[in-house]
Amino acid sequence: NTPCYSYYSWDAATLGSGRGISTDNTDAQYSICPKGWKLPTSRTTSAANWQTKSDFYVLAHQYGLDSTTSTSESDNGFYTQAGPGTVPNFLLAGYYYNGSFDVGGSSGYYWSSTSYGNSLYARNLYFDSSYVNSANSNPRRLGFSVRCLVAE
């Protein structure tokens, strides 16, 4: 049995509320998450208080990211503590683009609510068996997974 994953562009994941955002580290106002839930935030080290204002950094740090000065590192801690077959079980769902599915089973990509630099890119969590980046950036048109968090 092959698992079924859902993939969303960033515009779809943010219900279009992020479409016009072109400022780095700005969060979209809405998401596809159910009421009482939200898309995680993501920040770079250049943002004020980025360690506490980045949901993905907090998650990555909780489950294996050791660095306190960077959002990423070459380490398998996140993979072994939060990746496939663990709790919270971030799947290696790969991504979808232009009719093709890629790197499923070897990499995980999860959209955040946070923009990156210009209106063509947004931040995401990326991980594989040897690397984790809680503030990765990719084109908004790619199809990534989402993981909703309880809104505070």
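Colleague: Leaving aside its neighbours within four places in sequence, which residues is F90 in contact with?

Modeller: In this predicted model, F90 is in contact with L59, F78, A82, G83, P84, Y110, L125, F127 and R147, once its neighbours within four places in sequence are set aside. Contact here requires heavy atoms within 4.5 Å.

Colleague: What makes F90 stand out in the largest nonpolar core?

Modeller: That core has 16 residues, and F90 belongs to the group that touches the most other members, together with F78, Y110, L125, F127 and V132. Two or more residues come from each of α3 (55–62), α4 (77–82) and β6 (121–128), and α3 gives the most, with four residues. A second, separate core has 13 residues, among them L39, Y95, W111 and L142. As a general background, nonpolar side chains in soluble globular proteins tend to be buried together.

Colleague: Why is N25 called buried?

Modeller: Buried means under 20% relative accessible area, and N25, at 15% relative accessibility, therefore counts as buried. The residue is placed in the loop between α1 (10–13) and β1 (37–38). Leaving aside neighbours within four places in sequence, N25 is in contact with S42, R43, T44, S46, A47, T114, S115 and R123.

Colleague: Why is Y116 called partly exposed?

Modeller: The relative accessible area of Y116 is 31%, and partly exposed covers what lies between under 20% and over 50%, so the term applies to this residue. Y116 lies in strand β5 (residues 107–116).

Colleague: What makes Y116 eligible for a surface patch?

Modeller: Patches are made of residues with over 30% relative accessible area and no salt bridge, and the 31% of Y116 meets the area condition. Y116, L120 and Y121 form a nonpolar patch on the surface, with about 280 Å² of accessible area together.

Colleague: Why is strand β7 described as largely enclosed by the rest of the structure?

Modeller: Seven of the nine residues of β7 (residues 131–139) are buried, so the strand is largely enclosed.

Colleague: How do you know that β7 pairs with β2 and with β6?

Modeller: Two strands pair if there are at least two bridges between them, and three bridges join β2 (residues 72–74) to β7, while seven bridges join β6 to β7, so both pairings satisfy the condition. β2 and β7 run antiparallel, with S72 standing opposite N133. β6 and β7 also run antiparallel, with Y121 opposite P139, and these two strands form a hairpin with two residues between them.

Conventions:
Residues numbered from 1 in each chain as written. Predicted model: local features only at pLDDT ≥ 70, side-chain atom pairs only at ≥ 80, totals over all residues. Heavy atoms only, no water. Buried < 20%, exposed > 50% of the residue type's maximum accessible area, 1.4 Å probe, protein only. Patch = residues over 30% accessible without salt bridge, like charges linked within 9 Å, V, L, I, M, F, W, Y side chains within 5 Å. Areas by Shrake-Rupley, 256 points an atom, 1.4 Å probe, with all protein chains shown as cover. Salt bridge = Lys/Arg side-chain N within 4 Å of Asp/Glu carboxyl O. Core = buried A, V, L, I, M, F, W, Y, C linked by side-chain atoms within 4.5 Å.
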